[in-house]
Amino acid sequence: MKAAVYGTYGPPEVVTIRDIPKPTPKQNEVLVKVHTTLVTSGDARMRAFDIPALFRIPGRFMLGWPKPREQVLGFCFSGVVDAVGPGVTSFKPGDEVMGGKVNGAHAEYAAVPAGKGIIAKPPGLSFEAAATVAFGPTTALTFLRNAKIGPGTRLLVIGASGSVGVYAVQIGRHLGADVTAVCSGANAELVTALGASRVIDYTKQDIRKLGETFDVVFETVGSMNFVEALPLLAPTGTFATAVMAPADIWPMLWPPARKGRRIVGGEAEATNDKMTYLADLMASGALQPVIDSRYKLDTIRDAHARVDTKRKRGDILVAVS
Ligand SMILES: NC(=O)c1ccc[n+]([C@@H]2O[C@H](COP(=O)([O-])OP(=O)(O)OC[C@H]3O[C@@H](n4cnc5c(N)ncnc54)[C@H](OP(=O)(O)O)[C@@H]3O)[C@@H](O)[C@H]2O)c1
């Protein structure tokens, strides 16, 4: 089968299209013929080994030293079940599915554990839309739930036009929050259409000097740490960050350093429950996929290069079959 393989860490050019053996589904695995996948900021960071200095040694253990252990990237997928391994009763060949697994979806076929990171695709949802669910929407939902968003919450989304941000604006609004979006002026129209009641252009205004506070500040691009966000936080406010800075470790561990505020960090997991909730929301039209651009598997390097600009708006899709 055709796959995008990276044999070493580096720029988009390290990714090459090669023929590799088609996986055979093992016990409790489902083999998916991939229809659409994404190149996410997570894929690009793994490819480039773009890891904060403090986490580089554990990162090497996780991803492989001196070269990547798993040489096919790709977290998100939608597609059709091609075959199932022994013990699988929840899926059968021909089922339309979607999900997120750790790696391997930048290929014509991906083997996925049957019980985790894969759900049935709602019939009303396109393969393209379904492929987006496991990354941005799942991350946004996880952090907003952990930050206890609800009706009337004053929510500031920093990085509102990125993959996590475009869904944070929509989900925040859906859960009843009043959403203020931080993005550049070029993306103001987009985030307003997605549900932001107000937009702050970070290229024109220093958001740390806004002179107002929010119940929740959701930092999706890592432009500030907890201490820098303090002037934006209400006395019992929450700082939720998808990109934890080393400086956030101390206030996380030492409650007095939080000055009455909460910090929400860590990794968002694409559980089946969350993906089902979001897929249904998307199928109903309450959540819209936001597509920056589309590529084919043969041109996946260009998709990586687009992610590396750090200017994408929403998601980058790759059509596989
Ligand atoms: N913890 C977790 O579980 C988890 C899960 C998923 C992702 N992440 C991390 O979250 C981060 C964001 O991922 P992503 O895919 O959403 O990023 P992305 O799509 O690559 O972000 C690009 C967007 O960020 C905007 N942006 C850049 N700098 C900005 C700034 N200073 N202020 C406001 N907006 C800014 C850009 O808009 P302009 O062009 O207008 O500047 C662009 O639209 C990544 O570091 C990723 O690794 C963490």
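**From one core residue to two domains**

Setting aside residues within four places of it in sequence, Val169 is in contact with Val157, Ala160, Val179, Ala181, Val191, Leu194, Gly195 and Ala196. The model in which these contacts are found is a predicted one.

Val169 also belongs to a wider group. The largest nonpolar core has 90 residues, and Val169 is among those that touch the most other members, together with Val32, Val157, Ala181, Val217 and Phe218. Which helix gives the most to this core? Helix H5, residues 163–174, does so, with six residues. The core draws at least three residues from domain 1 (2–134 + 271–319) and at least three from domain 2 (136–264). As a general background, nonpolar side chains in soluble globular proteins tend to be buried together.

The division into domains deserves attention in its own right. The protein is divided into domain 1, which consists of residues 2–134 and 271–319, and domain 2, which consists of residues 136–264. The C-alpha centres of the two domains lie 26 Å apart. Their contact takes 18 residues from domain 1 and 16 residues from domain 2. On the side of domain 1 that touches domain 2, the largest share comes from helix H9 (residues 272–284), which supplies three residues. Sorted by class, this side of domain 1 has nine nonpolar, five polar and four charged residues.

Helix H9 can next be viewed together with helix H4. Helix H4 (residues 136–146) packs with H9 at an angle of about 110 degrees, and the axes of the two helices are 10 Å apart. Why is H4 described as roughly perpendicular to H9? The description applies because angles of 65 to 115 degrees count as roughly perpendicular, and the angle here is about 110 degrees. On the H4 side, the contact is made by Pro137, Thr138, Leu141 and Thr142, while H9 contributes Lys274, Met275 and Leu278. The residues of this contact divide into four nonpolar, two polar and one charged.

A further helix, H1, shows how one element can pack against several others. In helix H1 (residues 41–48), the buried residues are Ser41, Asp43, Ala44, Met46 and Arg47. The buried residues of H1 pack against two strands, E1 (2–6) and E2 (15–19). They also pack against helices H2 (56–63), H5 and H10 (300–308). Helix H5 thus appears again: it packs against buried residues of H1 and gives the most to the largest nonpolar core. Just after H1, Phe49 takes a positive phi of about 50 degrees.

Terms used. Residues numbered from 1 in each chain as written. Predicted model: local features only at pLDDT ≥ 70, side-chain atom pairs only at ≥ 80, totals over all residues. Core = buried A, V, L, I, M, F, W, Y, C linked by C-beta atoms within 7 Å. Buried ≥ 20, exposed ≤ 12 C-beta atoms within 10 Å, placed from the backbone. Helix = DSSP H or I, 4+ residues; strand = E, 2+ residues; numbered from the N terminus. Domains from an automatic or database assignment. Contact = placed C-beta atoms within 7 Å. Nonpolar A, V, L, I, M, F, W, Y, C, P; charged D, E, K, R; others polar. Axes fitted to C-alpha atoms, helices over the stretch in contact; angles between N-to-C directions.
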